[in-house]
Structure formats: C-alpha cells, structure tokens
Amino acid sequence: MISLPHFLIVGAVLFGLGLVGFLTRRNLITMFLCAEMMLQGVVLNFLAFGKYHGHLGGQIAALFIITVAACEAGLALAMFLAIYRRTKSLDSGVWQELREDRIPATVDTDPLPTFLEDPDPVLTPAGARPIRAEEEVRV
Amino acid sequence: MSDLDPAESALIALGLPLIASIVAALLGTAKLGKYAHWPVIVAFAAAAAVAAGAMLKLSGMTGESISASSASLTWFQAGSLSVTYSIALDPLSAIMLLTVTFVGTFIAIFSASYMHGDEGFARYFSIMALFVFAMLLLVTADNFLVLVAGWEGVGLCSYLLVGYYHAKPAAAAAARKAFLVTRLGDVGMILGIFLLWQLGGYRTDFNGMFEHIATHPDTHGQLTLACLLLFCGAVGKSAQMPLYVWLPDAMEGPTPVSALIHAATMVTAGVYLLARCAPLFVLAPDVQLIVSVIGGSTAFLAAFLAMAQNDLKRVLAYSTVSQLGFMFMALGTGGLIAPSLAVTAAVFHLFTHAFFKALLFLGSGSVMHAMGNVIDMRKFGGLRKVMPTTHLTFLAGSAALAGVPLLSGFWSKDQILDSILEAAASGGTYAGGYLIVLMVAMGTAGLTAFYTFRAYFLTFWGTERVPEEAHGHAHESPAMMTIPLIVLAVGAVAIGFAVEPLTHAFSDFLGRTPALVMANEIAKAPGGGHFDAHEHPHFNWAVAGISSAVALLGVFLAFRVYGNGGPEQVPDGLHGVYTLSRNKLYVDEIYYAAIVKPAELLATAGRQIDQFFAVLVRLVGSVPEFIGAAVRPMQNGLVQFYGLGMVLGLGVVLAVVILRSTR
C-alpha cells in the first residue's frame, strides 16, 4: 500500500536532488532543469496532500505550478539564448555584473569551455543553389 | 505736447529713459556700442522737455493744492491692502523730475565724450538711463511700494555704476560697500513702511495715508517710530551720519557717475522722501529734532573731513555729504516753522545744489581727463592757463557752493539758515537744540567756503604743474565736455536768483504740493507746532549778512593759505587737525574695528560650530556605511552563491520550526 509518507519521500528526494544539482552545476540549462525538478518535488507534495485530505485543492495548486513552470521555462530559455549569443558561454559564473560596486569580480579558476569557434547552428541548405552572376565587387 | 495731461507727461518722461536703456543695451549687443549714447541723450532731453511742459501746465492750474495722478493699475491685492501702479505729479515731484532730467541730459552729453572709446560704453549708458528711470519712478510714485521699487532700482544702478570698472578691486569693494551700507538704512525704511500701512488704515496712496494718520491720532508713539524708521532709509540713501561712509568711496566709479549720484539721481532720494512725508514728520517733533541734529552733525563732520583731502573728487564727495546735511537740517525744522517753508528751503537747496555739484564733478572729470586720470591735487596745479573754460566754470561752481552772495548756493543756503533761525526763535520745546544746530550750520558754511576754495586754488592757481601721466599734452577738454560745463555754470550762477528771491516763484509753486498744504494744516491745528502764521519765505538781512561774511571769510582764509597754489602747506598749529581730517577721523577704521571685525569673528565662530555639527552628523552617518561595507562582499553577483544563501536561510527557518514543534 502506497501511503502518504511514500509520496512525501519521493517528493523530498526530487527536491533534494534538484537542490544539490542547482547548487553544484554551473551550466545554466542544467541549473534550470534542476530548478524544475525541485518544482516537481513540490508538486508531488501538493498532490499527495490533496489525495490524503480528499479534496481538489492540491491538484489545483499543482496545475498552477505547472502553468507557472511553463511560463518560466519559456522566459528562462529565451534569456539563456540571449546570454549565450553575447558570451558564447552558458556558464552562470560569467555573469557577475549585478554585484555590488567596488567588489572585485570572482575569478573562475576552472571555467566552462566557451564555443567561440562554434557558430550558431545553421540549417543545411536544401534544394538547388540560386545561380548568381559572377560580378566584380567594387570597393 | 501742450495738450498732454501732466500725469501723462510724467508717464512719458518715465518711459523714455527706460526705452533708452533697453535700446542702448541692444546696441551694445549688436556691436553698435559706440552709438549707445545717442538714444540716452535724446531720451533725457525729450524727458526734460516733457517735464518742463508738465511743470508749466501744472503751474497753470488753479487751486490751493495742485496735483495730477494717472489712472492706476492694480499691482496686487491682499485683504484690505490694495497696491496699485500709480503715478502722481505734484509740484514737488515735478521739480525733482525736471532737475533730474535736465542735469542728467548734460551729464549724459559730457559722458559721451568722457567715456569715449571705453569698452563698456554701451553698458555704461544703458545703466545710466536705467538709473535715471529708477529715480524718476521714485519721485513720481504715488504710493510707498512703487517708491520702494524706484528706491531699490536706484540702489542697484548705483552699485553697477560705482563698480563700473569691476576688474579693479577697489571699485568692486566700493560698489559692495555702497550697496550694503545703503541696505542697512533700507531695512529700517521697509519696516517703517509696514508700520505706516497699519497706522494709515492700509491705504497706500500717499495723501490718503497721510490724511488717515492725521485724523486718527496714534497714542502709542508708533508714528514716531515709523518716522524714525523712514529716516533710517533716508540716512542710508542720502549718506548721513552714521551711514555716510559709502559716498566718498563711491568715487571709484567714472566721474560723470559721481556727478549723477551726487547731483541728481541718488543721494537726493532721502531728502525727497522726507519732503514727501512732511505731514508725518510734523506729527513727530522728536524725530524732527533728530533729523536736524543728524543733519547738522553730518554737515559739520563732512566739512571737517573735506578740509584736508588730497583727492579732488573726495573733497567734492564730502561736500555733498555736508550739503545734504544742510538739507536735513532744514527739513527737521518743519513743525516749528511752517512745514512748507522748511521743505522749500531743503528742496530749493537740493535744486541749486544739483546744478553746482554736477558742474563741479564734471569739471573735476574734465581735469582728470586732461591729467591722464590723475585726481590727486598734490600732483597738479596752476591749470588756469591750460584749461580756461574748465577753470572759469569750476570757479562758478565753487563760488556757488561756498555761498558767495548772489549765486545760487547763496540763496538756498540762506533759506536754510533762515528756517533754522526761525525754528530756534519759535519758542517750541526744542528751540534750544535748534539754536545749536544754527551755530553748527554757520560754522559749516564757513568751512564749506574754505575747503571748496582750497581745492580750487590748489588745482588752478600757482605755478603750472602737470603730472607725467598726462604725457605732456594737457589740454582743454573737447566742446562736448565744455558745453555742459558752461550750461551748468550758468545754472549755478543764475538759477537761484532767477527762481526765488524776487518772485518767490519756486516757493509758491512748491507750496502748492498737496502733501505740504496738508502738513501746514496739521501744524497749524491745535496741538501741532507753534509757528508764526507766515508761510512764505522772506529775506532775512541779518542771516544773509552773517552767512555772506562767513563765506567770504572762508574764501579769504583759503586764499591766504593756498593762494599760491600747491604744493600744499599746512598752516602752523593745525597739523593735528589736518592729520585727523586726512585720515577721515579714522571713522572707517573705527567701523572696521567695531562692526566688521566682530561680525567676522561671529561668522568664524558660527562656522566652527557648524563644522562641529557637521562632523557629528557625519559620524552618525558613517555607522550604516561601515555595516554596509562589511556585508557588501556578499553581493558578488554569483547565482550559486545567492542560491546557497537561500538554502542556508531555509535551513535556519526549518531548524527553528522543527525545534519549536518538537519541544
């Protein structure tokens, strides 16, 4: 018989894993996924308590959280994309500009690799190439 | 022009200098500065013509008192107080209007030549026109607020003109001194005006206010206080003791400015104010005695100081202070004698003084022009041959100032002495005081003749000496400078005789000023002063004889001592007196030690206290700063670090919750 503590334990494990991941990883996308995992742990708690008490409040809260998480995902991924375009890196440690005045930047002794060589992915062109007249380019 | 209402003429005369000032300023910005004198001269001359027309029109009016006032625009209104822009022309203001514009015209013509080629030419003429405008506003105002506007305008323009050579530290200091010292008096005057509003039932027009005050006798001595405060303003503006110190320093401005300040536009304002407020001062006999005594002591002190000055312009400056003292002596007699008589004597002297003092200043300007801006009488002498026109006109001015019989100054000074004598003989409460004033006045008249002719002899007699600064081409000034001198000299010689002694035209005309008629009535009413009924000046042979004798004695003494011209010899036994006089009785030093120094000490102490509190406040302010500095490194911009912070915070909260629930 699966009882309330089982749910709660699974929720807590999810939350804990997410938390540890969030604090230990520096890749923004991984951090984001960890945060999502923490959210799911919480959602599980809501659902478990909702079932335990026998009413729909938990499920409603879960729906809300899922909606919010979706919005957050859209927003966060868009921001990561913008950040990546500017620094060619997904390292959260690269972004320290919001620190207090006159506080030296923390120097990263082991930075994540940046992909300066690697351009944004480009779709392979399909179909025939347009035929261009070879013209002298005048400077 | 003849069909103009006098009040409209006054408005036109008022507007012309203002327009000229603006046009001159615009010419200056349009790089046409060298033509800036034209609008000013034309405007002054036109204003003088308009003023003369208005005066004729006014004197043609019938009635015991004559005046004309313009339609008034409301300036502001507060409760029962309503202030309007209103202009009124009565004989008193008409005389002032004509004097200011007429003398101003010739000073402007003189300046055009004197200031030629100066880089601030347009600025000079613009401010000069504004100066005259402010003075005209002052004399035509029909209520105290408009008067104060003119009064302050005059103060501002004098500041600007005295400090005309603003790059020169002495000029800047003199301008500041003039402004601040007159401001001391102005404070009193403003307070006096506030008090008068209250006493005058919040009526603002002069005659209405005077009437209200006359019909509602005050019982608490407030009127005396108000009159005293008004007199403070006059003391500041008209350079009386103890605030006369700014006027001699005002010599730092260009010489025609001195002529303007001394003859027409500034120092006469105080005399005008007291003349205008005669109905009030009649009701305050205590103040009247103070006015006379201050006037007398100023006249004597200034004459004493003028006696040994080496700077020609300073001699003239002190003589102005002294002559203004004479005017105040006369003003102070109103009440014991018919107020109209007292005011006539003062204003008549003001009128003749305007001519000969403008003449003397312009003459000294002419000398200065020829001598390469040297004005120290020790450095030149014997200029009789070099500058014949200047010499003769200066002689005319000196003789008029000294009170040589039949010249302008003689008639007006005589009237003043006569009114003081009558006040002393009136048997009023303070008659004894006036007797002393009379003796001081007589002595001062002698001193006046002495110092004036000392300056004259030192400058024009003896062997010819010209300073090096003139570069060997000392010459008579151009016609544009000598013509104003000649015109003013004619005025200085003849104007007094022309308008008063035979026809009494001046006193009759002035006596019809509504304020003076009212003052006479107040003084005649029971409880007012006690004076013989006659309200017309009469020629007193004894006074005239004594004053002429004293004046001629002064001239003779000056001739005996200085007839050979320079270099100056100090009469034996008078070295101490001369040293005192030359050092201005150490008044500036005393003022510095008694007023400026303590004020500076106070300011220093205040600054120290201020800094103490500033340190205290900074100390309190630094506490949060330190805390901030301590915790600032936490804001390092690393997301993980913040996340860790949150987790730790969560841990603490959880720990507390768990501990509390298990206990």
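This is a short talk on a few helices in chain B and on where chain A and chain B touch.

Okay, one thing up front: what you're looking at is a predicted model.

Let's start with a helix pair. Two packed helices are described by the angle between their axes and the distance between the axes. Here the pair is α6 of chain B, residues 169-199, and α8 of chain B, residues 222-237. Their axes are 7 Å apart and the angle is about 150°. That makes α6(B) roughly antiparallel to α8(B), since anything over 145 degrees counts that way. And the handedness? The crossing of α6(B) and α8(B) is left-handed.

So who's touching whom? On the α6(B) side you'll find, among others, Val181(B), Leu184(B), Gly188(B), Met189(B) and Leu199(B). Facing them from α8(B) are residues including Leu223(B), Ala226(B), Leu229(B), Cys232(B) and Lys237(B). The residues of that contact split into 14 nonpolar, seven polar and two charged.

While we're on α6(B), have a look at Gln198(B), which sits in that helix. Is Gln198(B) buried or exposed? It's exposed, because just 12 other C-beta atoms lie within 10 Å, and 12 or fewer is the cut-off for that label. Now compare its position with Gly163(B): the two are 35 residues apart in sequence, and C-alpha to C-alpha they're 38 Å apart in space.

Next up, α16 of chain B, residues 388-402. With 15 residues, α16(B) reaches 21 Å from its first C-alpha to its last, close to the 21 Å you'd expect at 1.5 Å a residue. How many of its residues are buried? Eleven of the 15, so α16(B) is mostly covered. Among the buried ones are His391(B), Phe394(B), Gly397(B) and Leu401(B). And what covers them? The list includes α14, α15, α17, α18, α19 and α22 of chain B. Right after α16(B) comes Gly403(B), with a positive phi near 85°.

One of those covering helices, α17(B), deserves its own moment. It has 18 residues and spans 26 Å from first C-alpha to last, close to the expected 26 Å. In α17(B), 17 of the 18 residues are buried, so this helix is largely enclosed by the rest of the structure. Just after α17(B) there's another glycine, Gly427(B), and its phi is positive too, about 75°.

Last stop, the two chains. Twelve residues of chain A are in contact with eleven residues of chain B. On the chain A side, the residues that touch chain B come out as five nonpolar, four polar and three charged.

Key:
Residues numbered from 1 in each chain as written. Chains lettered and ligands numbered in written order. Predicted model: local features only at pLDDT ≥ 70, side-chain atom pairs only at ≥ 80, totals over all residues. Axes fitted to C-alpha atoms, helices over the stretch in contact; angles between N-to-C directions. Helix = DSSP H or I, 4+ residues; strand = E, 2+ residues; numbered from the N terminus. Parallel < 35°, antiparallel > 145°, perpendicular 65-115°, else oblique. Left-handed = near helix turned anticlockwise from the far one by under 90°. Contact = placed C-beta atoms within 7 Å. Nonpolar A, V, L, I, M, F, W, Y, C, P; charged D, E, K, R; others polar. Buried ≥ 20, exposed ≤ 12 C-beta atoms within 10 Å, placed from the backbone. Expected span 1.5 Å × (residues − 1).
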